[in-house]
Amino acid sequence: MAQAQIPRKLWEHPDPSSTAMYKFLEASNRKYGIDMRTYRDLYNWSVGPKRTDFWAHLWEFAPLIHSGRFTEVVDTTIPMENIPSWFNGTYLNFAENILFTASSDDPSVRTKRGKEDDKIALTEIREGNTDVRHMTYGEVRARVGLLANAMRKMGVKKGDRVAVVASTSFDTFICLMAITSIGGLFSSSSTDMGTKGILERLLQIRPKYVFVDDWAVYNGKTINLRIKIREIVAGMKDVSEFEGVITQPRFPGKPADISDIPRTTKLEQFLENARGNSDLIFERVAFRDPFLVVYSSGTTGVPKCIVHSVGGVLVSNVKEGAFHRQMGPESILLQYTTTGWIMYLSSIQGLMYGSRSILYDGSPFMPSPKTFLSILEEQRVTHFGTSPRFLQELEKQSIIPRELFDLSALKSVITTGMVLSDAQFEWFYDHGFPANVHLANISGGTDLAASFACENALEPLYVGGCQGPVLGTKVEVYDSLIETGPGKAVPDGEPGDLVATASFPNQPVYFWGDDSGERYQNAYYRRFPHVWTHGDFIQFHPVTGQVFFLGRADGVLNPSGVRFGSSDIYSVIEAHFPTVADSVCVGQRRPQDSDESVVLFLKMKEGEHFTESLVQQIKSKIAQERSRRHVPKYVFQTWDIPTTVNLKKVELPVKQIVSGKIIKPSGTLANPESLKFYYQFAKVEEVLENMQKEKIAAKSKL
Ligand SMILES: CC(=O)CC(=O)SCCNC(=O)CCNC(=O)[C@H](O)C(C)(C)COP(=O)(O)OP(=O)(O)OC[C@H]1O[C@@H](n2cnc3c(N)ncnc32)[C@H](O)[C@@H]1OP(=O)(O)O
């Protein structure tokens, strides 16, 4: 196996013993009389038989603001699919922990240490490094108090949902803090999402209010969102809990006129309900009470509404942010994200440690990637979160950040969303960024609001993958050939399915609206009993312990690191294109490709024709109802779609074949011969060329 060789070492921390993670390791040694020395010792303790000691010590070492006491960290005998309760008996509030700091002498007391009133908490930057505005912790707290009091006055209470369809603005952050301070649930979508997709979410979670930006700016274009607002209001008419839309001004001080849109109020007007009262009140809720709904689409049905708990996310954030990412009151984080990705949560969670978050909205390529990178120098960014896709663009355009900008403040560059290639690791250190910067490639997901694998400063960084598994989550690799039944770990260094084999506090608590729990159980626990199956193929390096992510094991699409389910595409076709009998949509990523392309195959009904105009109509409908980022790169006709004997469409073999693999069809396929047709698309360029030739030949015959 090629990876048994030790890859090139790229980076190591100059003094690992100075890090918060190491101090925790030493303090744990002292407290529990153990002798851990390395990251792997600490990791094994955090997921081993004494893992409750790890969590109890974390709770003590990096305190959260809370009331109540727990008698047991967790009952480790409860199978993970029963979602055991952690830190039972404790009560805490998400916003309170973000906006205040616990006093380590008495964690139930909150202080402003590290979050003093005049310290900058947030910096808002709009597309092209324009309209830079700062907000201090004092101002943020006052604005959160005002909005929360306005919400309370309008009857919003614990357990209610408030959603946003908005950019990464001050207003969105304040909305998140306000609803969670009341003990309610927050949920966000980005403005580029089509109304249909937005409503599929909102109709499930039934929010009391939806806060929507009045305008959007992307790629130099200014987009009027009033049509979308009108559609949202109309679409919510049968939701009894829904009180209306509140518009957030995209251009501060210049709110759009919404007087002709029913049930819609401007933010400034809504705030009048608070009558100037900005006092903060935090409703501390039980550790496993919900505060956030995020979404993911699979291959069937409407999106899953994944509900995360206050305590689970906070405690996981302590270990990931403070230990793995080494964030503290001096950190300044610029995480590129929309509000539609789980990275939005990461982008603001740094405030928990007293850091400053930079909220960027727009394309990072407008007017050029250099303009975006100039923020790193101007704002003295210490932690820059981006994507392999963005780094690819820098390389393609021969942009060398370390030569163009003063990056002396920069400590770490975090990448996620898709595989970071080995060549990109080398480019990063050979050409791109200063040698002292820690390249932190992480992978996890919406389902856990955290990472499975990420960086750590106690080990060197080698080319490829993620440095190692995250503390406290027992990641193993199971044999992919076992389709169901008890799973089996593969020998060290072999590839297989990413599974988590022990409960962890940031498991989602349920799916909204899934009263029987069936969807939830099916999403993670159907394959192997008592084990979370994530849907990624991975491999551990047998010597360095790096985790290589090899691709998705299911039908989830991932072009440019933007994830969505094939069901998002099928539902548009089923609803609007009656001449199509069936379709299969897969991601193509061959060894020579630097990104994934979405390929859609259409099977026409008897007597119906596959035409260029049909393809264009399908593409524009997908753009309208989902988003432009969902539009397939290629659309082809097919004659047969592989299914199981129970007639369930099977995507994985098609995905593997068009990605250049030769596969042995599974015995469960009803029509294994259908697969032969798809092999030609591994050379999609040739297929397109031949189609073009045929077109020209047909024209010349006319
Ligand atoms: C820990 C984990 O594991 C969790 C996760 O994975 S979370 C997910 C993380 N994912 C990422 O970070 C994704 C990274 N990728 C990116 O950020 C983006 O690909 C990118 C910004 C680098 C490039 O974006 P892109 O989608 O490839 O191209 P871009 O040109 O920006 O947009 C595509 C289209 O959508 C449109 N669009 C995008 N956002 C829009 C918006 N807000 N409003 C209107 N239109 C928009 C664009 O105008 C464009 O339209 P045209 O095709 O008509 O020109």
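Okay, a quick definition to start: when I say helix or strand, I mean a DSSP run, at least four residues for a helix and at least two for a strand, numbered from the N terminus. And please keep in mind that this is a predicted model.

With that in hand, let's go to P367, which sits in the loop between β19 and α12. The peptide bond leading into P367 from M366 is cis, and its omega is near -5 degrees. That's worth a pause, because most peptide bonds are trans.

Moving along the chain, we get to helix α12, residues 369-378. At its start, S368 has a side-chain oxygen within 3.0 Å of the backbone nitrogen of K370. Just past the other end of α12 comes R380, with a positive phi of about 55 degrees.

So which residues of α12 are buried? They are P369, F372, L373, S374, I375 and L376. And what covers them? The cover includes strands β6, β18, β19 and β20, along with helices α13 and α14.

Now, hold on to S374, since we meet that residue again from the other side. Look at N129, in the loop between β6, which runs 120-126, and β7, which runs 130-136. Is N129 buried or exposed? N129 is buried: its relative accessible area is 14%, and the cut-off for buried is under 20%.

What does the N129 side chain pair up with? One polar contact, at 3.1 Å, goes to the side chain of S374. Another, at 3.0 Å, goes to the side chain of E378. If we skip the neighbours within four places in sequence, N129 is in contact with Y360, T371, S374, I375 and E378. Among those, S374 and I375 are on the list of buried α12 residues I just read out.

Last stop, the loop between β2 and β3. I83 is in that loop, and F87 is there too. What is the phi of I83 like? Positive, about 45 degrees, although I83 is not a glycine. F87 also has a positive phi, near 45 degrees, and again this is a residue other than glycine. I'm pointing these out because most residues other than glycine have a negative phi.

How about burial here? I83 counts as buried because its relative accessible area is 13%, below the 20% cut-off. F87 is buried as well, with a relative accessible area of 0%.

That's my tour, so let's open it up for discussion.

Methods:
Residues numbered from 1 in each chain as written. Predicted model: local features only at pLDDT ≥ 70, side-chain atom pairs only at ≥ 80, totals over all residues. Heavy atoms only, no water. Buried < 20%, exposed > 50% of the residue type's maximum accessible area, 1.4 Å probe, protein only. Polar contact = N/O pair within 3.5 Å; in protein donor to acceptor, adjacent residues only side chain to side chain. Contact = heavy atoms within 4.5 Å.
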